[in-house]
Amino acid sequence: MARKSHVQTTINGETVEFLCESRQSLLEVLRDELYLTGAKEGCNNGNCGACSVILDGRLVNSCLVLGVETEGRSVETIEGLAEPDKLHPIQDAFLENAALQCGICTPGFIMSAKALLDSNPNPTEHEIRYWLAGNLCRCTGYDKIVKAVMDAAQETSA
Amino acid sequence: MQDFSYVSAQTVSEAVSLLDENGEKARILAGGTDLIVQVREARRDVGLMIDVKSIPEVNVLDYDDDAGLTLGAAVECYKIYAVDAICNAYPGLIDATKIIGGTAIQGRAGVGGNLCNASPAADCIPPLIVLGATCVIAGPNGERELPVEHFCTGPGQTALEKGEMLVSLKIPAPASNSSSFYLRFIPRNEMDIAVVGAGASVTLDAAKQTIVSARIALAAVAPTPLFAEEASELLAGREVSDAAIDEAAQAAQAIARPISDMRGTAEQRTHLVGVLTRRALNGAIQRI
């Protein structure tokens, strides 16, 4: 068995320690070591965005980050979005707009939308569509997702 | 995925020593958007990944109106297009950094990694060539510099020798009355690999009537990105005209030696070289 490294990082605001092999991706660490199964494995090669998380404030594909690279860094995942008694406005907007069907891509879309609204609170539809181009959905046809992000932007910037 | 060791190198000399000691099985990790996929898919045999993102020299992003740009090899795309002065000085490079992958890829991938991955279709390489970029390379015998058009030697192959790593890219300050442009043909709007890519930089005289100099470079039409030297040189001293631009486009087509594959046929690619070279040149001129 390969040697494991000790890694300390911040996940959703909490200090977390874990052991992982160098070859384990951040996605594998989140799902298999920390049991945070919100981020999904779709293509595992950077095309689909189902594993999107926010690393030090930037949207990344967690399948293309090594777990060992996150030493001393800060990771935001879908699990950190809602408050105990209240969904995040982007989550609400996805529900209100029926912006999901099977749901596999949804955590990635929501993290991607959060990264967008964190950096640009009032994006145009064009900006939303380009920003989300790295997140694939095979159910909705995208319109409802784009509408949900527009609604969430209005809600959060109002 | 194959088992490998990971080291976060803190200095250029540490990374160079590790590369030198471990030979072919050591590989530099910057954004990882190509490397991690290649190892996962067993397309590259790696025993040691040397993470260089903690090394100060590979994170430099320094632009000066006189000295030009020093771009550390690990600087991510999103940091480059966030600097207005760099966007104004090198719009052709910005065209490329904004179309490599989607938002999440641009948060990790950088120009230096795009160059070292040495894909014939790499979007960043034609702009680097037309902007006259120089590679700063560190190795066991010290530092050397290499014009970017000599860096790629084949698909996935570079001029880096044993123990050598790319530290940064230096791009000269743009001349007055000059600009640059890069575009590619893809069958979608975004998130795709170039069927053909073309970059151009153009410097005009003060009256903006005559071309002082131009550089043209192509992607995805040969085993490496190509500097279209003859096509570039025949524009020097010519008046800005459709005839001059057509001649350059034909000269660029003459050096293309594309293959036919799932993205396009050789015939289509050769045709596209003409179309995209004209558009890149006109695009650069319109920006002046």
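Domain bounds, as used here, come from an automatic or database domain assignment. With that in hand, let us walk through this predicted model, starting with chain B.

The assignment splits chain B into domain 1 (5-51), domain 2 (56-171) and domain 3 (178-286). If you look at the first two of these, the C-alpha centres of domain 1 of chain B and domain 2 of chain B are 18 Å apart. The two domains also touch: twelve residues of domain 1 of chain B are in contact with 20 residues of domain 2 of chain B. Which element brings the largest share of the domain 1 side of chain B that touches domain 2 of chain B? Look at helix H1 (residues 12-22) of chain B, which provides five residues there. Sorted by class, this side of domain 1 of chain B holds six nonpolar, four polar and two charged residues.

Now step back and take in chain B as a whole. Its secondary structure consists of eleven helices and 14 strands. The radius of gyration of chain B is 19 Å, close to the 19 Å that the globule rule gives for 288 residues, so chain B is as compact as a globular protein of that length. Along the principal axes, the C-alpha atoms of chain B fill a box of roughly 55 × 45 × 35 Å.

Next, turn to the place where the two chains meet. Chain A and chain B each put 23 residues into the contact. On the chain A side, strand S4 (58-61) and helix H4 (125-131) of chain A each supply at least two residues. S4(A) gives the most to the side of chain A that touches chain B, namely four residues. By class, that side of chain A comprises ten nonpolar, nine polar and four charged residues.

Finally, stay with chain A and find a pair of packed helices. Helix H2 (residues 89-96) of chain A packs against helix H5 (residues 143-157) of chain A at an angle of about 135°, and their axes are 8 Å apart. Angles from 65 to 115 degrees count as roughly perpendicular and those over 145 as roughly antiparallel, and H2(A) and H5(A) are therefore oblique to each other. The crossing of H2(A) past H5(A) is right-handed. To see the contact itself, pick out A:Pro89, A:Ile90, A:Ala93, A:Phe94 and A:Glu96 in H2(A), which meet A:Ala148, A:Asp151, A:Ala152, A:Glu155 and A:Thr156 in H5(A). The residues of this contact of H2(A) with H5(A) divide into six nonpolar, one polar and three charged.

Note on methods:
Residues numbered from 1 in each chain as written. Chains lettered and ligands numbered in written order. Predicted model: local features only at pLDDT ≥ 70, side-chain atom pairs only at ≥ 80, totals over all residues. Axes fitted to C-alpha atoms, helices over the stretch in contact; angles between N-to-C directions. Parallel < 35°, antiparallel > 145°, perpendicular 65-115°, else oblique. Left-handed = near helix turned anticlockwise from the far one by under 90°. Contact = placed C-beta atoms within 7 Å. Nonpolar A, V, L, I, M, F, W, Y, C, P; charged D, E, K, R; others polar. Rg over C-alpha atoms; globule rule 2.2 N^0.38 Å.
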